[in-house]
Amino acid sequence: MDKLTIKDIDVSGKRVLVRVDFNVPLDEKTGAITDDSRIRATLPTIKYLIDRGARVILCSHLGRPEGKVVDKLRLTGVAQRLSQILGKQVGVTRSSIGSETEKSVASLKSGDVLFLENLRFHSAEERDSPLFARGLARLADIYVNDAFGTSHRSHASIVRVGEYLPSVAGLLLEKELETLGSILENPAHPFGGLLGGAKVSDKVGMLENIMDKVDFLLIGGGMAATFLKAKSYEIGLSLIEADRLDTAVGLMEKAARNGVNLLLPVDVVVVDEISAEAKGKIASIENISPHQRIVDIGPQTIKNFQEELQKCKTVFWNGPMGIYEIAQFTEGTQAMARLLASLEAATIIGGGSSAEIVTKMGLADKMTFVSTGGGATLRFLGGQTLPGVEALLDKDSLAAGKLKGLTTLA
Ligand code: ADP
Ligand code: MG
C-alpha cells in the first residue's frame, strides 16, 4: 500500500484520534448489538496503539441520527462492548467536539481509551464542515483512519481532519485494501465471482471491473431475474430493473468476449406471494408462471454453482442467493456459504448481508477474509478510489518531509 500506516510512525505518548466504523447492527426492540464483528475487526489497531502507550481517542457514527441527538444511537453500548473485549475502561464524551471533550482528552494517560459521542449527532459531519474537522483535530496529534466501511464517504471525520493533522491508515484499513486489492491485481486462477443480492444497478461498476479478472461469474439472488429477463425468459412478478436490461445484455456480451463462463440459475424457488408463511416451489427457468416470484436458487443451480466453485483457487462472494431474511428461502445462500467454508481456495466475502450470513452461520473464521465494508467494498472493487484513503499521507511523504513534526520509525 502506498499510504503511511500507524506502523510507520512513533505513536508513543501521542494523542491519536482513530476514526472507526462501529456502525453495528442493533436489535430493533432491545437496542442490543446483534453483531460485533466490526468492533472486533479494529482490535489490532486499538491494541497496537495501547501497547505503545498512545492516548487513544476513538470516533464513529452509528445509524442515521441526521444531525440530532438520538438517545438510542448513543455510543454507550458500543463503548461498553469494546470495554468488555479489551478488559479496560472506555468512557464516552457528551459530544464529539467542544471544550468539555477537550478536557476529557487532556486527562487521558498513556494507554487510555476514550470514545467520542456519535459523530452524526452533528450535521456538520456529513456536510464535511472544515470547522467540525478542526474541532476534532484539536483533540489529537495524529489522525488514523481505520473506518474502511465509511471510507467511500466524503464526511468531515473521514476526509477533512487530515488537513489539520498528519494522517495515516489503521491496520484494518490496510488489511482491507491489501486483501481486496490482491483479488484485483493478482488473484490465483481459476477465479470465480459469486454474485447475488437485490439489484444489478448497485453492482454494475464492480461487475464491469471484475469481468476482466474472473474466469467464472455465477449470478443468483434478485439480480439474476434481470439477466434472465434480458435473455427473454418469463420471470413472472420477480423484481427486475427494467432500465438495466441493456446493462445485463452488455455484461453478458463482455463475459463472452473475455471468455468468462457466466452461469445463471437453471432452476429457482418461486412463490405466489412473498411472506413469512409462503411455501416455495421449485421451477425450471423455462416454467415460471406469470404470477410467480423468484425467491431463491433451485437445487440444480446449487449443484452447478458448487461444481464451478470447487474448481476455483480464488472466490469473491457478494450478495445472498435469495430472500434470506425468510427462513424457507435461505437454502441457496446457506449452501453457498457452507461450500465456500470448505474450499482450500482464497475466499473473500464482501457486502453487508453476505458478511452477516457468514457470521451468523459461524463460518466467518473459515473464510480467508470477510470485508467490513458494503458500499466501500463495491466501490473499491469497481476500480474507484476511496476519498478516505486518498486523504491519507503517501509513503513517499516521509522523504518529502511533509510530516509536520511527526517522528517516524525506521
Ligand atoms: P449485500 O449486502 O451482501 O451486498 P445486497 O444488499 O445487494 O447484498 O442484497 C441483499 C438483499 O437482496 C437482501 O435483502 C435479499 O432479500 C435480497 N434478495 C436476494 N435475492 C432476492 C430475490 N430473489 N428477490 C428479491 N430480493 C432478493
Ligand atoms: Mg446490503
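Author: A polar contact is a pair of N or O atoms within 3.5 Å. In this predicted model, that cut-off is what the distances around ligand 1 are set against.

Reader: What makes the pair formed by Gly322 and ligand 1 a polar contact?

Author: A backbone N or O atom of Gly322 lies 3.4 Å from a nitrogen atom of ligand 1, and because the cut-off is 3.5 Å, the pair counts as a polar contact. The side chain of Asn318 places an N or O atom 3.3 Å from an oxygen atom of ligand 1, and a polar side-chain atom of Lys203 lies 2.6 Å from an oxygen atom of the ligand, so these pairs are also within 3.5 Å.

Reader: How much of the accessible area of ligand 1 does the protein cover?

Author: On its own ligand 1 has 570 Å² of accessible area, and the protein covers 81% of that. The space that ligand 1 takes is the second largest pocket.

Reader: Which elements give two or more residues to the shell around ligand 1, and what is the largest share?

Author: Helix 10 (221–230), strand 12 (293–297) and helix 14 (352–360) each give two or more residues to that shell, and helix 14 has the largest share, with three residues. In total 18 residues surround ligand 1, the closest being Lys203, Gly322, Glu325, Ser353 and Ser354. By class, the shell has six nonpolar, ten polar and two charged residues.

Reader: Why is the protein called as compact as a globular protein of its length?

Author: The secondary structure of the protein comes to 17 helices and 15 strands. Its radius of gyration is 23 Å, close to the 22 Å that the globule rule gives for 410 residues, and therefore the protein is as compact as a globular protein of that length. Along its principal axes, the C-alpha trace spans about 70 × 50 × 35 Å.

Reader: What makes the peptide bond that joins His189 and Pro190 a cis bond, and where is Pro190 found?

Author: The omega of this cis bond is about 0°, and Pro190 is found in the loop between helix 8 (171–185) and strand 7 (191–195). Most peptide bonds are trans, and most residues other than glycine have a negative phi. Glu66, in the loop between strand 2 (55–59) and helix 3 (76–86), has a positive phi, near 55°.

How values were computed:
Residues numbered from 1 in each chain as written. Chains lettered and ligands numbered in written order. Predicted model: local features only at pLDDT ≥ 70, side-chain atom pairs only at ≥ 80, totals over all residues. Heavy atoms only, no water. Near = heavy atom within 4 Å. Polar contact = N/O pair within 3.5 Å; in protein donor to acceptor, adjacent residues only side chain to side chain. Areas by Shrake-Rupley, 256 points an atom, 1.4 Å probe, with all protein chains shown as cover. 1 Å grid on protein atoms, 1.4 Å probe; cavity = no way out; pocket = protein on both sides within 12 Å on 5 of 7 lines; lining within 4 Å. Sits in = over half its atoms within 2 Å of the grid points. Helix = DSSP H or I, 4+ residues; strand = E, 2+ residues; numbered from the N terminus. Nonpolar A, V, L, I, M, F, W, Y, C, P; charged D, E, K, R; others polar. Rg over C-alpha atoms; globule rule 2.2 N^0.38 Å.
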